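User: I would like to learn how to read a few features of a protein model, taking each one as a general idea and then as a case.

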Amino acid sequence: MSGASGVRVLDAPRGAAAGETPEALLGALGGPALLRVRGRDRSRVRGVATLLHGNEPSGLRALHTWLREGEAPAVDLVCFVGAVAAALREPGFAHRMLPGRPDLNRCFVAHVAGAEGEVARDALRLFREARCEALVDLHNNTGHNPAYGVATSADAAVAGLTALFGERLIVSDLRLGTLTEATSGDFPSVTIECGRAADPAADRAALAGLRRYAALERLEACAENAPPLVVLERPVRVRARSEVRLAFGDAPVPGADLTLTRDIDRHNFELLPSGVAVGWVGPEASWPLEAHGGDGREVSRDWFTLRDGLLETQRAAVPIMMTVDMAVAKSDCLFYLVQRREGSAR
Ligand SMILES: [Zn+2]
C-alpha cells in the first residue's frame, strides 16, 4: 500500500527485519516512508517524524534501535522518515537536503512545487488521516545544546511531550513552514532538537525519549514526574548580512567583516547580560547583522552595538542554536535570541 504520491506507507519492520544498521533500514526504504507499528491499544495513534533533514540522524538511529528491540508500543505509531535520499547521499548523513533542492521542513505550510512539496503534503495528509493524538519530530542541530523542544505554544500537552526528551521548551512565533507549525492546530505537536548531530548524548536523548513516548499508556502522565520546564519565547533570528565576509576565530581574522568568537556556541542557553563581546567587526566593514522576530521587523540594533570594533550585546538575552558551522551560519542563521518566560522554572 502506498500514499497518493511521494510517501510510501509500509508496515514497520521489527526485530532483525529492521536491518543491521540505520543505513540498512534507509536503503531498504529507498525514499520517504510512513512506517506503521501496531500498538497494544489499536484505537489510538501517535505520530513520530524524523530525518526531515538528512544530516540529523539521532531520531532515525533511535527509531532503528527501537524497531529492532521489537517492544509493542502502548498505542499504534505512525513514523515518518523524510529526507532519505539526502541522508543516503555520500558520505552519509552529511546533507541537510539534496544539493539545490528546497529544505523539506520549510515545505509544510505554504504550497511548494516539486518533489519536496509533494512529500510534505502527503506526510501531512497521512498524519491527519491517522488522527494522531500527538506528534514528535526529532532533529539535531550543530552547536553545543541540551535536548529541547520547539513549538507554537506551551500548553500542558506540548510541555508534557517536551518533558519526555528535555527540560527546555522554546515557544516560537516565527513562521518557517515546519511540520510542527502545520500540525499545531490538529494535535499537540513539538519539534525536539535532540542535541548536536553525531554527539552520542544526542542519540541517547532521542532513544530515551522515543522509548518513553512509545511506552506511555496516557500522554497526560508524561509531565507528572518531570522537572518543571524552562520556557523561552519570542525568538529573534540573527543572521549575518548576505554580503558579509564571516569568520570564526580567537582574534579578528584579517579580511573578515565579522569574526565571531570561536567558542560562541558554548553560550547556548546562557543568559548573556548586556555588554558581552561576541565578535569583532573589520575596520572597513559596515553593520554586519540583521535580526527579525515574529513580527518581521529588523531589530539587530536593539540587541547589539558596536564599540571600538567589538560587537557587544546591547541588552540581556538567551542565545540558542549558536553555531560555529560556517555552512549553517551562512545558509540558515547565526543563532536565535530568546527571552525567559516570567514564572517558568529557573
Ligand atoms: Zn532539523
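The dialogue below takes up a metal site, strand pairing, a sheet and a buried side chain in turn.

User: Before I begin, what kind of model is this?

Analyst: This is a predicted model, and the values that follow are computed from its atoms.

User: Which protein atoms are the donors of the zinc ion?

Analyst: One reads a metal site by listing the donor atoms and their distances. Here the zinc ion has as protein donors ND1 of His53, two OE atoms of Glu56 and ND1 of His139, which lie 2.0 to 2.6 Å from the ion. Along the chain these donors follow the spacing H-x2-E-x82-H. The pair of histidines links distant parts of the chain, since His53 sits in the loop between strand S3 (41-50) and helix H2 (58-69), whereas His139 belongs to strand S5 (residues 135-141), 86 residues apart. Both His53 and His139 are buried.

User: Why is the arrangement around the zinc ion called irregular?

Analyst: The question is settled by the angles between donors. Four donors count as tetrahedral if all angles lie between 85 and 135 degrees; around this zinc ion the four donor atoms subtend angles of 54 to 144°, and the arrangement is therefore irregular.

User: How many bridges join S3 to strand S4, and how many join S3 to S5?

Analyst: For strand pairing, one looks at the bridges and at the direction of the strands. S3 and strand S4 (residues 75-81) run parallel and are joined by seven bridges, with Leu77 in S4 as the bridge partner of Arg46. S3 also runs parallel to S5, with four bridges between them, and there the bridge partner of Gly47 is Leu135 in S5. Together, S3, H2 and S4 form a β-α-β unit that is right-handed.

User: In what order do the strands of the open sheet lie?

Analyst: A sheet is read from one edge to the other. This open sheet has five strands in the order S10-S11-S12-S15-S14, and its pairing is mixed. Strand S10 (246-249) and strand S14 (304-307) are the edge strands, each pairing on one side only, and neighbouring strands are turned by 30° against each other on average, direction ignored. S14 is joined to strand S15 (residues 310-313) by four bridges in antiparallel fashion, where Leu306 has Leu311 of S15 as its bridge partner.

User: Is Ser189 buried or exposed?

Analyst: Here the relative accessible area decides, buried meaning under 20%. Ser189, located in strand S8 (residues 189-196), has a value of 4% and is therefore buried. The side chain of Ser189 makes a polar contact of 2.7 Å with that of Thr183.

Terms used
Residues numbered from 1 in each chain as written. Predicted model: local features only at pLDDT ≥ 70, side-chain atom pairs only at ≥ 80, totals over all residues. Heavy atoms only, no water. Donors = N, O, S within 2.8 Å, 3.2 Å for Na, K, Ca; no water. Tetrahedral: all angles 85-135°; square planar, octahedral: opposite > 155°, others 65-115°. Helix = DSSP H or I, 4+ residues; strand = E, 2+ residues; numbered from the N terminus. Buried < 20%, exposed > 50% of the residue type's maximum accessible area, 1.4 Å probe, protein only. Pairing = 2+ DSSP bridges. Right-handed = clockwise from strand over helix to strand, strands pointing away. Axes fitted to C-alpha atoms, helices over the stretch in contact; angles between N-to-C directions. Polar contact = N/O pair within 3.5 Å; in protein donor to acceptor, adjacent residues only side chain to side chain.
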